[in-house]
Every structure is written in structure tokens, then in C-alpha cells.
Amino acid sequence: MGKLFGTNGVRGVFGELLQIDFIYNLTRAIGTYFNGKEILVGCDTRHTSELIKKIVFAGLSSTGVAFYDSGVAPTPAHQYAVKYYNLDGGIIVTASHNPPEYNGIKLLGKNGDEIPHSEEDKVEEIFFEQRYVKPEKLSKCKGIIDPIEPYINGIITHVDLEKIRKKGFKIVIDPACGTASLCAPKLAKILGVKAYLINSNPDGYFPSREPEPLRENLKEVSKFVAETGSDFGIAFDGDADRAIFIDNKGNIVWGDRSGAILSKHVLKKHGKGTLVVGVSASSLVEKVVKENGGDVIWTKVGSVIITEKINELLSKNIFAFGLEENGGFFYTPHQPTRDGCMSLALMLETLATENKTLHELDKELPNLFMFKTKIEAKNVNREKVIENIANKFNNYRHDRIDGIRVWLNEKEWFLIRPSGTEPIIRIFAESDSEEKAKKLLKFATDITQNEIYNLIHK
Ligand code: MG
């Protein structure tokens, strides 16, 4: 991975990393990369997004790349528009779930997928060598395109509309004042769903709750679901590619659990399939998918990597789909990317098909508990830390897909992996009781801290 692009594009605080010159030159590098092609430029609701988009326009103009403005919309809607309007790629100005002072640049390839890290490296090379193309004539914006209508029309072709409409569902939608505000209520209306909206005025300062759907940010929506007697609640992240569900009793159904419920439904719908999932998800995902006749491929954490693997399988005519524990679900008949509104439609179809509540479907899943933490690992070789820990667990079932994951038995495992974006090490532990999972997390944290200490002080 390069120096500018992280797990999901270039991210930073506006005015710090994201200086006007930096954005302009980065966009010149992107324009040089897309030389002679037609791309889309869209953004999220952040207060700095429209300004950054204008700088992006200026950078692209200087390289002669033709571009269209797809306005403010969810990330998956911009992605869908690249394919729908037959463009060669795109740039989205978004910092997803980060706090309001952040923003970022995300690159899309021909099908609207996030481009692989190997392609981002090419853009970085151009940027660091300042190898920008300089055409004789500046290009300009070729027009405004609407990404939202085709996107919603696309989603509804993949679910049984009549079946959903007949149920007369009632749900709570919480877009966090992000881009889901522009899409999820419209989709709910088409699906015949009565939707209570909270935090649904687009506002780039995210005044109501943080744009990351973490447990601590979902108290309001959980309460509201229970109070209104809704079938479920859905809380999006800032750019609406991820969504966390809340069951009819107001309990949060974390992303790997809702993902397992959706996976089961997808497998029933398609007969078979391969789920691609990042290693930080619960092992219950594998259990549920295998019980329902599917296969599982574990990958490194990160949506770009999951999309890349999914595309590899699809190119071999293997039906594949994907999930991330943080609420990302990749339903490939629509597009091979995370997509919050597609997840919403699929969840409605699941409940309509199973004739059960979300709480009941969640209770059918294995009862596993996962806890996670992170520790600072500045000025230490994090790969060496992981290597040393891995050596201690050679005799256990383990894998090195991303860091080190060690299985103590079928239900208990821990994962220690270096973060792709910050100088920290992330630690996960899962077990069949809350107490055992917490104990295991402490154990994994202690050995990591010891290893860091040993490396620094040897
Ligand atoms: Mg996001």
C-alpha cells in the first residue's frame, strides 16, 4: 500500500493533509492516470465536500479529462452511476464515517468498483514524480448527471416488490444527516414501507450523531424502534455504503450477525454461492453459510480487497457476495460493492420471505460474543510483533491472512492485526460467553503488549 491511499482512498483533515494545493495536484495525478477517458465526480454531504469537488474539477480540467458532475449522493449511488452511464471511472469526495473535519478522495474504476490498491500505487507514482499531463486545451464539466434515480431503480429490480409491499412494514431510518437522507426514504416509499426518519436532514457537520454507526451512537435509533413498534431500524454511516440494523425490540444486530441473516437469504435465493469476508468477522458467519450450502473465503480486512476477490470469483463464473463485520454487505447482482440501501431492500425481502421478526432471526444464530480493542504501536516494527506472536502459537490452528488469527477451539479465537491506516495494532477475541471473550481479549492484548515491550527494550 502506498503513502497517500489508505484502506479506502486518501483521507485527512481539511486544511491539514487536505490542503488546496495537495488536492489540486492529487487530482492532476488522477487526471493523468485517466488520460483521455470520461469519468464522474460526486461527493457526500460534508461541509467541505462541494469546495473540494470544485478543486477536483480544476485539477481534472488542467489534464484534459472529460468529467460529469454527479452531485451529492450515497457512495454506492455514485458507483452505480459509473456503470449506468457507461463511464470509465470516477472520483468521490467523501470521508465515509469519519468526523466532520475530515474529508477524502476515493477512486472508482470502470465498473464503479473501488480501484485495487495496485492501481492506486500508479496514481501515487505520478503524484510523487509530478508527471502531470498538460493538454493544449482545458477540459470542462460535460454536464450534471443524476445518480440517485437509476440507483434506486436498480435496487428494486433485485427484490420481490409485491412480497415486500404486501407486508406493510414499518421501520426507522437514521442516516446520521449523511447521504442516506437522499435515498433511503425514497426507496422505503417505493417498497411500500412506512418509514420514521430521524437525523435525516443532510448536514455536513453531523450535528445529531457521529457518522460512524458504532453501538454508542445508536441509542436514539434503538429507543425509537422500540417505542414506535417498528419492524426494525437501520442506521447508515455518513456515505451510506454501510448500515447497522436494530431489531424490533431495539437491540443492535451487529454487522456480521445481520450479514449472516442476509447471507442465508442470498443462498436460498441463488441456490449456492461463495461468501467473501474479512477476517475480523465472527466465525458464526462461516457456520451459517456452510450450513446453508455455501462456501466461505476469508480475506484481509478492507472493502477494496473483498471487492477484488469477489470480482476474481465472478470472472470464473462463481456466484460470490461479501460482507464486513462493520455493516458492509456486497450483493453482487446489483454491484460488487458495499451498499447500505441494497442491504435495506434485502433485509425487507428476508423478513417478508421468512415471515419472522428480525429478533427471531437473530436468535436463531449461534450465540457468540466478540470484543475488540486497539493498542498504540508507534516506533515499533508491527510486522515483527505479529511474527513473534505467531511463532508462539505454531501448534494451534491458526492463519496468517491478516496478522495472526489463532483458534483455541471451534468457538474461541483471537486475531491480532496491524491497522492499515494508523500506527496501531487491532485485537479481536470471540467466545461463546461474554466473560470468556473478555478474558481472551485481555490475554491477546497482554501478549501483544509484552511483545511490543520486548522489541523496544531488547
Ligand atoms: Mg462508508
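Here are legends for a handful of views of this predicted model.

**View 1. The whole protein, with its 15 helices and 20 strands.**
Start with the full fold before zooming in. The C-alpha atoms fit in a box of roughly 65 × 65 × 45 Å along the principal axes. For 458 residues, a compact globule would come out with a radius of gyration near 23 Å, and the protein's 22 Å agrees with that. Of those 458 residues, 59% are buried. Among contacts with a separation of 6 or more, 71% link residues 24 or more positions apart. On the outside, the accessible surface adds up to about 18,900 Å², and carbon and sulfur atoms own 49% of it.

**View 2. An open sheet of six strands, with mixed pairing.**
Read across, the strand order is β1-β5-β4-β2-β3-β6. The edges are β1 (10-13) and β6 (141-144), each of which pairs on one side only. On average, neighbouring strands here are turned by 20° against each other, ignoring direction.

**View 3. The β6 edge, where this strand meets β3.**
How many bridges join β3 to β6? Two do the job, and the two strands run parallel. Strand β3 covers residues 66-72. Look for Phe-67, whose bridge partner in β6 is Cys-141.

**View 4. Helix α2 packed on the sheet.**
This helix spans residues 49-63. The strands α2 touches are β2 (38-43), β3, β4 (89-93) and β5 (102-108). Compare the direction of α2 with that of β2, and the angle is about 165°.

**View 5. The magnesium ion and its protein donors.**
Which residues supply the donors? They are Ser-96 through OG, plus Asp-237, Asp-239 and Asp-241, each through OD. These donors sit 2.0 to 2.2 Å from the ion. Along the sequence, the donor residues follow the spacing S-x140-D-x1-D-x1-D.

**View 6. Two loops brought together at the magnesium ion, by way of Ser-96 and Asp-241.**
Ser-96 belongs to the loop between β4 and β5, while Asp-241 belongs to the loop between β9 (232-236) and β10 (243-246), so this pair ties together parts that are 145 residues apart in sequence. Are these two residues buried or exposed? Ser-96 has 4% relative accessibility, so it counts as buried. Asp-241 has 2% relative accessibility and counts as buried too. The cut-off behind both calls is under 20% relative accessible area.

Terms used: Residues are numbered from 1 along each chain as its sequence is written. This is a predicted model: local features need pLDDT of at least 70, side-chain atom pairs count only at pLDDT 80 or more; totals for chains, interfaces and linings use all residues. Side-chain values use heavy atoms; hydrogens and water are left out. Two strands pair if DSSP finds at least two bridges between them. Helices (H or I, at least four residues) and strands (E, at least two) are DSSP runs, numbered from the N terminus. Axes are lines fitted to C-alpha atoms, for helices over the stretch in contact, and angles run from 0 to 180 degrees between N-to-C directions. Contact means heavy atoms within 4.5 Å. The radius of gyration is taken over C-alpha atoms; the globule rule is 2.2 Å times the number of residues to the power 0.38. Buried means under 20% relative accessible area, exposed over 50%, partly exposed in between (1.4 Å probe, protein chains only). Accessible areas come from the Shrake-Rupley method with a 1.4 Å probe; for residues, only the protein chains shown count as cover. Donors are N, O and S atoms within 2.8 Å of the metal (3.2 Å for Na, K and Ca); water is not among the atoms, so sites may look incomplete.
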